[in-house]
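Hi,

Here is the structure I promised to pass along. Have a look at it first, and then read on for my notes.

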Amino acid sequence: GMWGNTAGEAPADMPALNLGFNTPVASIKWSGFAYCVLTTNNYAKCWGNNMGSLGFPSDETVVGADPAQMGANLPYLDVGAGLTIQKLDLAFNHGCALLTNGKVKCWGAKSFLGLGLSGGLSDQLGDEPGEMGDALPFLDFGSHGHEVVDIALAGENSCALFSNGKVKCWGRNSAGQLGIGEPPYVLGLANTRGDAPDEMGDNLPFVDLGEDVFAIQVTLGIGHACVLTFDQRVKCWGANNEWGFLGQGHDLPKIGTELSEMGDNLPYTDLGSQGGVLALFAKGTHTCALFDIGKIKCWGDNWTGMLGYEDVNPRGSAAAEMGDNLPFVDLGTDFFAMGLTVGALSTCVSSMTDEIKCWGTNPNGELGLGDTANRGDNYGEMGDNLPVINID
């Protein structure tokens, strides 16, 4: 069934999920098909469509449809004895955990885990007994000695950000999203890094972000990647097309399949002269930036209004669409944005006063407003006309 698509079905009226622990939840991750929650004491549980990201053996294609599968019966994500999780992320067919020891473990579709394993989407690691925990190896990122400080997943690829401000990416390179100057296909086969021996470790190069560029956050959308830099600017590479995923003011199909396109030749995304970026989020075909002045800007695809500009026009494929010409999203009077998250076809922000607003796709009540109407795709739907979601 669905919830939130009918009047009177506010999120506040829903029962709390039975997760089988009393520890507060620190973060929630969503892949489009599954959810994981991470607690403040660094443990995680996952449920939903069992396509590889749940990390435990189950004969069920969906975990959580039966109440008996939740609560104490829902297992903790087993990453190994004595190991705990500081951050995790999900894609539709795999998941990765950044552990509190600065190392990374991944599970799900073998070809995209960076473990030198290959196979189709149904070839999973973590869906059989004895494959998780101590049996699940750490990823090898090489001998540089820097710990991982951030991870991001989307589609069929993943990236890790290190304490030296550099990034490594692995998985499918369908549009140059690995940022290593390699083509999408080699000898007619899809170019995937990490699905064969000797492709990780020191053999996996850092993404060339340019001289003196120090990344502090990495985020991935479908076929593209972006980093937030120490000086509060943004660089993106990978798929672009006429929708302008990269926000570079052109409609080239992709950036990153040639080394000459990276480094200092990779331009910053022009987000204008007002404020600096605090956080950056992508998951599907659009990206949004949270600014230190409590406002946000979004670019990329917009066919459900997920950019929040009261139309369905994409932004980012023409120079005139970016910079100061790209407006801040109208969130309403005195709405100072403090938090931001992006779904495949929707966007949500939270305010300084703990209010939440969401816009974009809504056929199943995804926006929690008690109807199925999209928001942000027509005039008069944003600003003070965009309702606050009733959470409490």
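Six disulfides turn up when the whole structure is searched. Please keep in mind that this is a predicted model. In case it helps when you look at the links, a disulfide is a covalent bond between the sulfur atoms of two cysteines. If you count the bonded cysteines along the protein chain, the pairing runs 1-2, 3-4, 5-6, 7-8, 9-10, 11-12. I'll go through three of the links here.

Start with Cys36 and Cys46, which are joined with an S to S distance of 1.9 Å. This disulfide is right-handed, because the torsion about its S-S bond is about 105°. Cys36 belongs to strand S2 (residues 34-39) and Cys46 to strand S3 (residues 44-49), so the bond ties together parts that are ten residues apart in sequence. Are these two cysteines buried or exposed? Both Cys36 and Cys46 are buried.

Next comes the pair Cys226 and Cys236, with S to S at 2.1 Å. The link of Cys226 and Cys236 is right-handed, with 110° about the S-S bond. It connects distant parts of the chain: Cys226 is in strand S16 (residues 224-229) and Cys236 is in strand S17 (residues 234-239), ten residues apart. Cys226 counts as buried because its relative accessibility is 0%. Cys236 is buried too, with a relative accessible area of 0%.

The third one I picked joins Cys348 to Cys358, S to S 2.0 Å. The torsion about the S-S bond of Cys348 and Cys358 is about 110°, so this disulfide is right-handed. Cys348 sits in strand S23 (residues 346-351) and Cys358 in strand S24 (residues 356-360), so parts that are ten residues apart in sequence are tied together by the pair. As for Cys358, a relative accessible area of 5% makes that residue buried.

Now for the charged side chains. How many salt bridges does a search of the whole structure find? The answer is seven, and I have notes on three of them.

One of them is between Asp89 and Lys283, where the closest N and O atoms are 3.0 Å apart. The two partners come from distant parts of the chain, 194 residues apart: Asp89 is in strand S5 (residues 85-90), while Lys283 is in the loop between strand S19 (277-282) and strand S20 (286-291). Why does Asp89 count as buried? Its relative accessible area is 6%, and the cut-off for buried is under 20%. Lys283 passes that test as well, being buried at 14% relative accessibility.

Another salt bridge is formed by Glu156 and Arg172, with 3.3 Å between the closest N and O atoms. This pair also links distant parts of the chain, 16 residues apart: Glu156 is in the loop between strand S9 (148-154) and strand S10 (157-162), and Arg172 is in strand S11 (residues 167-172).

Then there are Asp231 and Arg233, whose side chains meet in a salt bridge (3.3 Å, N to O). Asp231 counts as partly exposed because its relative accessibility is 42%. Arg233 is partly exposed as well, at 40%.

On the surface, have a look at Val25, Ile28, Trp30 and Tyr35. They form a nonpolar patch, and together they have about 360 Å² of accessible area. Which strand gives the most to this patch? That is strand S1 (residues 25-30), with three residues. Val25 has its place in strand S1, and its relative accessibility of 40% is why it counts as partly exposed.

One last spot to check is Gly32, in the loop between S1 and S2. Gly32 is partly exposed, with a relative accessible area of 33%. Its C-alpha atom and that of Thr6 are separated by 22 Å, and the two residues are 26 residues apart along the chain.

Shout if anything is unclear.

Cheers

Technical notes:
Residues are numbered from 1 along each chain as its sequence is written. This is a predicted model: local features need pLDDT of at least 70, side-chain atom pairs count only at pLDDT 80 or more; totals for chains, interfaces and linings use all residues. Side-chain values use heavy atoms; hydrogens and water are left out. Patches are made of residues with over 30% relative accessible area and no salt bridge: like charges are joined within 9 Å, nonpolar side chains (Val, Leu, Ile, Met, Phe, Trp, Tyr) within 5 Å. Accessible areas come from the Shrake-Rupley method with a 1.4 Å probe; for residues, only the protein chains shown count as cover. A salt bridge is a side-chain nitrogen of Lys or Arg within 4 Å of a carboxyl oxygen of Asp or Glu. Helices (H or I, at least four residues) and strands (E, at least two) are DSSP runs, numbered from the N terminus. Buried means under 20% relative accessible area, exposed over 50%, partly exposed in between (1.4 Å probe, protein chains only). A disulfide is a pair of cysteine sulfur atoms within 2.5 Å.
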